[in-house]
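Consider how the sheets and helices of this chain are put together. The explanation starts after the structure is shown.

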Amino acid sequence: MSVTVPASRNPFFFFFFFSLVSESISLFVLTAKCCENLFSSTMSNSHDQQPQRSKPFRPTKPLEIDNSSGLTLVPRVKLTLTIFPLAATVTSVDEWKMKRALIDYLHSTHSLTIPEDDLDVKRVRDLKKRKREEPVASGTLRIWDLGFIDREDEEEEGVVEKRVWEWRKSLVEKMNGIELNLEGVKFKLDVAVPVSDDFEGIKKDWEEFFAFDARGYYRGKREPDTIILRGVPSRWFAEPRVSSKPSMLVTHTIFSTFGKIRNLNVAEDDDPGKDANEESGDLVSGLYCKIVVQFEKYRDFHDALRVLCGRSLQKQGSRLKADYEVSWDRDGFFRNTRNQTQEKTNRVSTPAADHYKSEAPRRHAPYARHSPENVRPRRFRE
């Protein structure tokens, strides 16, 4: 007589059931760990793809923008010089003597040792055609060594930056209006800070621009987001061993260190700019480029413009220090570019539409001529 044991009381059934449950739990734990690792790697990759924030900088120390590009922002104080004669007539101006007089004055009065290469003085090309109120010469002074302003015990960059601005302002006030005597001929010196080097002035400009419109009405809170950079060497933003023209990819990589970019435009800049000497004739087409960068956040725009003001650009392995012009976009560059593109599209589509409109009546004209509506009614005699 055989006795059937229920499956629920069979020991082999319990062993098989518990084995299956334990394997399911192990598989679930393994799957959860894999998902966790995959999520962690995804988050780390997305974090790596985010633009790097601009590094903390000291106004008296060089700042490396990007490791791969080899570009460095070198701090300096730049002043523009304008020389006017105090005599009624001036027949000649000796550039070398003028330069030596300025260097001696800076050394004796302000304890500044300026190499001759850091001071440029160029006289007017034709003194006879000059008007009486116009200058006879102009120049540029660059001071690279700012270590005497910095103090090692100060960690806050804002304190050092403010001290640099105050020292520059004091130097301008002391130099502006001085008289230079060159062999009995007296000249007056006017000194100013370039507009693109004055960050406080640029910030005040855009705050006033966005605060009120042309009629004086309050516009509401609006903030700029676009930087315009002119006069930078094109080859420094080009792909190495590929082309000498500036590359969008290389430029985007460089400026992404300041923040996330919304729009970017790079083009050749053949405009010599305000500080260039148009009479020199040494401007080569395509040598410099113009870069327009629109950031997604105002803070990134603000910090990038603050870093770019008062500095020159230098490439690793090159002795050249490029002076550029930096400003903010008040004209809506990318908005106007989109409008121009739309106008071109409309200009192309309008002639095509007019062509079809002019062809339609021509095709239907023969049928319209014999339609009953256009048939001339016959006249009958009564």
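The paragraphs below take one sheet, then another, then a contact between helices.

The model is predicted, so local features need pLDDT of at least 70 and side-chain atom pairs count only at pLDDT 80 or more, while totals for chains, interfaces and linings use all residues. Residues are numbered from 1 along each chain as its sequence is written, and side-chain values use heavy atoms, with hydrogens and water left out.

One open sheet has 5 strands in the order 4-5-3-7-6, with antiparallel pairing. Strands (E, at least two residues) and helices (H or I, at least four) are DSSP runs numbered from the N terminus, and two strands pair if DSSP finds at least two bridges between them. Strand 4 (119-123) and strand 6 (179-182) are the edge strands, each pairing on one side only. From one strand to the next the twist averages 25°. The antiparallel pairing of strand 4 with strand 5 (residues 137-143) runs over 5 bridges; Asp 120 has Thr 140 of strand 5 as its bridge partner. Helix 2 (residues 95-110) packs on this sheet and touches strand 3 (77-85), strand 4, strand 5, strand 6 and strand 7 (185-192), where contact means heavy atoms within 4.5 Å. The direction of helix 2 makes about 145° with that of strand 4. Angles run from 0 to 180 degrees between N-to-C directions, and axes are lines fitted to C-alpha atoms, for helices over the stretch in contact.

An open sheet of 4 strands follows the order 9-10-8-13, also with antiparallel pairing. Strand 9 (261-268) and strand 13 (325-328) stand at its edges with a single partner strand each, so one side of each has no neighbour in the sheet. Neighbouring strands here are turned by 15° against each other on average, direction ignored. Strand 9 pairs with strand 10 (residues 288-295) in the antiparallel sense over 7 bridges, and Val 266 stands opposite Ile 291 of strand 10. Helix 5 (residues 248-255) packs on the sheet, touching strand 8 (226-233), strand 9 and strand 10, and its direction makes about 130° with that of strand 9. Helix 6 packs on the sheet as well, touching strand 8, strand 10 and strand 13, at about 30° to the direction of strand 8.

Helix 6 (residues 298-308) also meets helix 4 (residues 199-211): their axes come within 10 Å and cross at roughly 145°. Helix 4 contributes Phe 199, Ile 202, Lys 203 and Trp 206 to the contact, and helix 6 contributes Tyr 298, Phe 301, His 302, Leu 305 and Arg 306.
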